[in-house]
Structure formats: structure tokens, C-alpha cells
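Thanks for making time this morning; I would like to walk you through one model, beginning with a single backbone detail and then widening the view.

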Amino acid sequence: MALFESGGSSAQLLQAEVSGLDALDLPVPSRPSRVATLWAATWPKVLAVASFLFIWQLVVWSGWKPKSVLPGPVTVFNTITDEWDTLWDATVTTVVSGVKGFLVALALGTVIGALVSQIRVLRAAVGSLITGLMTMPSVAWVPLALLLFSNDPRQMVLFVILLGAVPSIANGLITGIDSIPPVLLRAGRVMGAGRWSAFRHVVLPAALPSFVGGLKQGWAFAWRSLLAAEIIATIPGQVSLGGLLHNSQETADAAGAMAVMVMLFVAGVTIDALVFSQADKAIRKRYGLIDEATK
């Protein structure tokens, strides 16, 4: 009797395993079309912007502040249309300055982060200093930059950008390297990789996902530092978003100030979407962190 019961249990177990294997043969759901994917990614952003504009207009209608101090969305967008040429030139100037400064910060931050992560004495000496520099407000460096580079506003702006972005980039690389599983490092040594070869072929690729997060944060710091410098220091012969913000403050032009802020927001979102989000997506796809079947 027990034999039959055992046989029945074995048959049930075998049937369950076969059913599990059959489930593996189920067809993978078809990927949505590009239009559907684009719409799925777009409508939440459109809804968020529309909600913000609606709340903004409700606050204006409430009469909390005079319209000369808090203009509505229509007034601000009319200002953008009327001053489009000036705003566009200022945006191009500011973005170009930010990109140049960020590229220099990227080179310096990567070198510093790599050295600090690999040299224990250097980490003990400047590791906490990097974190401390990250906590410094960007605007705090502007007075010193004005004293150091009073005759060269471009160098002053670059100085502020570097102090804002380099620590974040270096810290992102250090954090990424510290998060590497030790088994990967041991595997590299077992396969005969030297220190430089292991760093190039094992450490850097493994730290790349976290490093991209550090680059994104570094760009945010660079962008904020740039605006802080432009508001206080004006480069002769150039119109910038920071300079326009300063002029709007001096002339009590609330609509003009908010128009510049809209351009700042659009530029920041565009750069993030076209550069950093795409880089993050490509890296996650390469590392198998994105399920292509469910996209």
C-alpha cells in the first residue's frame, strides 16, 4: 500500500515538474509599438506639467500676490515669445559654458576618484575632504573666485564650476568602486590581471553604473554653480541666463525672471533626457538590468 502511495506521490511530483517545464515554453508577450512606448513615457510628464500650470494659475487667481510680482503662465510665456531671441542666445551661452566646465570637471573628477579609491594613504588624507567640498554651497565660492580671477570672468566661472562638480564626480566613482563585489576582484587576480589591467577591465566596468549616477549629480552641481557665478559676475559682451536673472531682479521684472527660470528648467530637463538618461539606460541594458521582453 505504501508502495502505491509512494508511486502516486512520485507521479504527482513528476507531473508538477513537467508542468513547470511546459510553462517555460509559453510565448513571450509581444513588445508594444514605439508609438505606445513613447506615449507611455510622455503622458505622465505632460500630466505633471499641466497640473503644475493649473496650480500656478490657481495661486495667481487667489490674489495672494499682485500680478506684477507673481504673473500667470500666459504672461510668462508671452514674455518668452517676445524675448525669444535674447533668451535663446543666453541659453546657448550658458549651456556651452556649463558643458565646457563639466568636461574639465569630468576629467579631473575621474582622475581624483580613481587615485583616491586605489591609494589608501590618499583616501585617508582627502577622502573626507571630498565629502566636505560636496556640502559647500556653490555661491560660497563666488566671492573667492571674484578675488582670484577679477580680470578674467571666464576663469572665475570655470573655477566655481569645478569646485561644484569635481567632488561629486570623484565621489561617484569612489562609491561605485567600493560597491564592487570582492569576488570580481579576486576573479581578475586569479586570471592573471595586473593592477592596471584589473582596474581597466574589471574595476571601471563594474563601477560604471554608480559612476553614471555620480556624473548626473556632478552635472546638477555644475549647472547650479554656473548660474550662481553668472548672477554675480557678468562676462563682457555675452548675454547669459544668470545675467538676465540679475537684470530682471534689478528692474523688478517678475515675468522676465520667471521666463528665464522656465528656460533653465527646459535646458536642464533636455540635457538630462538626451545625455544622462540615455547613458544610464544603455548601461543598464548592457548589464542586463532591463528586461527587453517587458519594455
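**A turn of the backbone after α10**

Just after helix α10, Ala252 takes a positive phi of about 55 degrees, and please keep in mind throughout that what we are looking at is a predicted model. The positive phi deserves a second look, since Ala252 adopts that value although it is not a glycine.

Where does Ala252 lie? Ala252 sits in the loop between α10 and α11, the latter covering residues 254-286. As to whether Ala252 is buried or exposed, its relative accessible area is 67%, and because the cut-off for calling a residue exposed is over 50%, Ala252 counts as exposed.

The helix that comes before this loop shows another side of the picture, for in α10, which runs over residues 241-250, the buried residues are Leu241, Gly242, Gly243, Leu244, Leu245 and Ser248.

Let me now move to the surface charge. Asp253 belongs to a negative surface patch, which it forms together with Asp82, Glu83, Asp85 and Asp89. Of these, Asp85 lies in helix α4, residues 84-118, and, with a relative accessible area of 58%, Asp85 is exposed.

Staying with α4, I would also point to Thr93, which lies in that helix but is buried, at a relative accessible area of 19%; the value deserves careful reading, because buried here means under 20%. Which residues does Thr93 touch, if we leave out those up to four places away in sequence? The answer is Gln238, Val239 and Ser240. For Val239 we can add a distance: Thr93 and Val239 are 146 residues apart in sequence, and yet 7.1 Å apart in space, taken C-alpha to C-alpha.

That brings me to the chain as a whole. The protein has 11 helices and zero strands, so that someone reading along the sequence would write the pattern as α-α-α-α-α-α-α-α-α-α-α. If we take the contacts between residues at least 6 apart in sequence, 72% of them join residues at least 24 apart, and the contact of Thr93 with Val239, at 146 residues of separation, can be read with that figure in mind.

Finally, on burial and surface: of the 295 residues in the protein, 33% are buried, while the protein exposes about 18,500 Å², with carbon and sulfur atoms supplying 68% of that area.

Terms used: Residues numbered from 1 in each chain as written. Predicted model: local features only at pLDDT ≥ 70, side-chain atom pairs only at ≥ 80, totals over all residues. Heavy atoms only, no water. Patch = residues over 30% accessible without salt bridge, like charges linked within 9 Å, V, L, I, M, F, W, Y side chains within 5 Å. Areas by Shrake-Rupley, 256 points an atom, 1.4 Å probe, with all protein chains shown as cover. Salt bridge = Lys/Arg side-chain N within 4 Å of Asp/Glu carboxyl O. Lys, Arg positive; Asp, Glu negative; His and termini not counted. Charge placed at Lys NZ, Arg CZ, Asp CG, Glu CD. Helix = DSSP H or I, 4+ residues; strand = E, 2+ residues; numbered from the N terminus. Buried < 20%, exposed > 50% of the residue type's maximum accessible area, 1.4 Å probe, protein only. Contact = heavy atoms within 4.5 Å.
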